[in-house]
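Good morning, colleagues. I should like to take you through one model this morning, beginning with strand pairing and ending with charged side chains. Please keep the display in view as I speak.

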Amino acid sequence: MPFRTWEEFGAWLLGAPLRVLLILLIALLVRWLLFRAIRQVEESAMEKVDSRRLSKVDQVWAGVTGTDLERRKQRTLTLGSLLRSISTLIIFTIALLTILAEFGVPLGPMLASAGVGGVALGFGAQSLVKDFLSGIFMIIEDQYGVGDVVDTGEAVGTVEEVGLRITRLRDAQGVVWFIRNGEIVRIGNQSQGWAVATVDLPVAATTEPADALPVLRRVAEQMYADQDWADKLMEAPSVAGVESVTAGTMTLRMFVKTLPGEQWATSRALRARALAALKAEGIKEPGYGLYGPQPPEG
């Protein structure tokens, strides 16, 4: 027995072990208080997101979509999880160092060794640290989220998963891309706020613009008045006019401002309506005669 009397053992037991227990209890209490504060901030942020759920008409004017709101929820939960992990690491690291000091372990050499080891690890894992830091700032700044169509420079596709280290995309061919956040230099997000669809319509170069452009303007007005598209368009499609004339072809251009993610379906529908209207008016197609019925031969 290292202690000469039971009184010495009792005095020791009420000394260092009791202080260690108090340190652990204080660490757990601080961790619980921090987790509670983080949870309250999360709930407050989620309530604000829910309060911003607008009707589809209001969403068009405000530029806020259901996808945007869901992404804000995901970002709030991700940041909350990150804060909980960081706070747990810091609290228990401090508690461990305090406990070691209670048992007389010299912390100076240990901290110096840890510093040297940290520097060596930092040089060896700097790419990993870069990935994590880029992921943290990407989430905080809300550069993109799940469901967004983005151009990372290496790949273009729909975001399927956003992590602190990697981002997973799926392109139009179904290929899944795993991209390290630290390697992403630029991001082109096609799903934030609003989008613009550009529709080019080729007609014969001999077509009078004064004959074709009113047809396209009528198509734009009809589409904007269509209830099936009213909640997807932020404003009526516009007819820019003649874009180019080359090799017997005159290209007419239209623009339409849509909610994010709707630009592709909208451009296809607008192009189909415009071609049908040109065909009905007998506007000439480049190189093949008329969009409409061909005149009888002879």
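Strands E3 and E4 run antiparallel and are joined by five bridges. This is a predicted model, and everything I say should be heard with that in mind. Within the pair, leucine 169 has tryptophan 177 in E4 as its bridge partner. The two strands belong to an open sheet of five, ordered E4-E3-E2-E1-E5, with antiparallel pairing. E4 and strand E5, residues 188–189, each have a single partner strand, so one side of each is left without a neighbour in the sheet.

Let me stay with E3 and E4 a moment longer. Which residue sits in the loop between strand E3 (166–170) and strand E4 (176–180)? Aspartate 171 has its place there. Aspartate 171 is buried, yet has no salt bridge. The nearest side chain of opposite charge is that of arginine 170, at 7.2 Å. A salt bridge here requires a side-chain nitrogen of Lys or Arg within 4 Å of a carboxyl oxygen, so a separation of 7.2 Å does not qualify. What does the side chain of aspartate 171 make a polar contact with? The partner is the side chain of tryptophan 177, at 3.0 Å. Leaving aside residues up to four places away in sequence, aspartate 171 touches Val156, Gly157 and Trp177. Tryptophan 177 therefore appears twice in this account, as the bridge partner of leucine 169 and as the polar partner of aspartate 171.

I turn now to the salt bridges, of which the structure holds eleven. Arginine 168 takes part in two that I wish to show. Its side chain meets that of glutamate 160 at 3.2 Å, N to O, and that of glutamate 161 at 3.1 Å, N to O. How exposed are these residues? Arginine 168 has a relative accessible area of 24%, so it counts as partly exposed. Glutamate 160, at 28% relative accessibility, is partly exposed, and glutamate 161, at 42%, is partly exposed as well.

Another salt bridge joins arginine 273 and aspartate 226, at 2.6 Å, N to O. This pair links distant parts of the chain: arginine 273 lies in helix H9, aspartate 226 lies in the loop between H7 and helix H8 (227–230), and they are 47 residues apart. At 28% relative accessibility, arginine 273 is partly exposed. Salt bridges with shared partners also join Glu160, Glu161, Arg168 and Arg170 into one network.

Helices H7 and H9 bring us to the other sheet I wish to present. It is open and has three strands in the order E6-E8-E7, paired antiparallel. Its edge strands are E6 (195–204) and E7 (238–246), each pairing on one side only. On average, and ignoring direction, neighbouring strands of this sheet are turned by 25° against each other. How many bridges join E6 to strand E8, residues 249–258? There are ten, and the two strands run antiparallel. Among the residues involved, valine 199 has methionine 254 in E8 as its bridge partner.

Finally, the helices on this sheet. Helix H7, residues 209–225, lies across E6, E7 and E8, running at about 20° to E8. Helix H9, residues 263–281, packs on the sheet and touches E6 and E8, its direction making about 25° with that of E6. Thank you for your attention.

Technical notes. Residues are numbered from 1 along each chain as its sequence is written. This is a predicted model: local features need pLDDT of at least 70, side-chain atom pairs count only at pLDDT 80 or more; totals for chains, interfaces and linings use all residues. Side-chain values use heavy atoms; hydrogens and water are left out. Two strands pair if DSSP finds at least two bridges between them. Helices (H or I, at least four residues) and strands (E, at least two) are DSSP runs, numbered from the N terminus. Axes are lines fitted to C-alpha atoms, for helices over the stretch in contact, and angles run from 0 to 180 degrees between N-to-C directions. Contact means heavy atoms within 4.5 Å. Buried means under 20% relative accessible area, exposed over 50%, partly exposed in between (1.4 Å probe, protein chains only). Lys and Arg count as positive and Asp and Glu as negative; His and the chain ends are not counted. A polar contact is a pair of N or O atoms within 3.5 Å; within protein, one must be able to donate a hydrogen and the other to accept it, and residues adjacent in sequence count only if both atoms are side-chain atoms.
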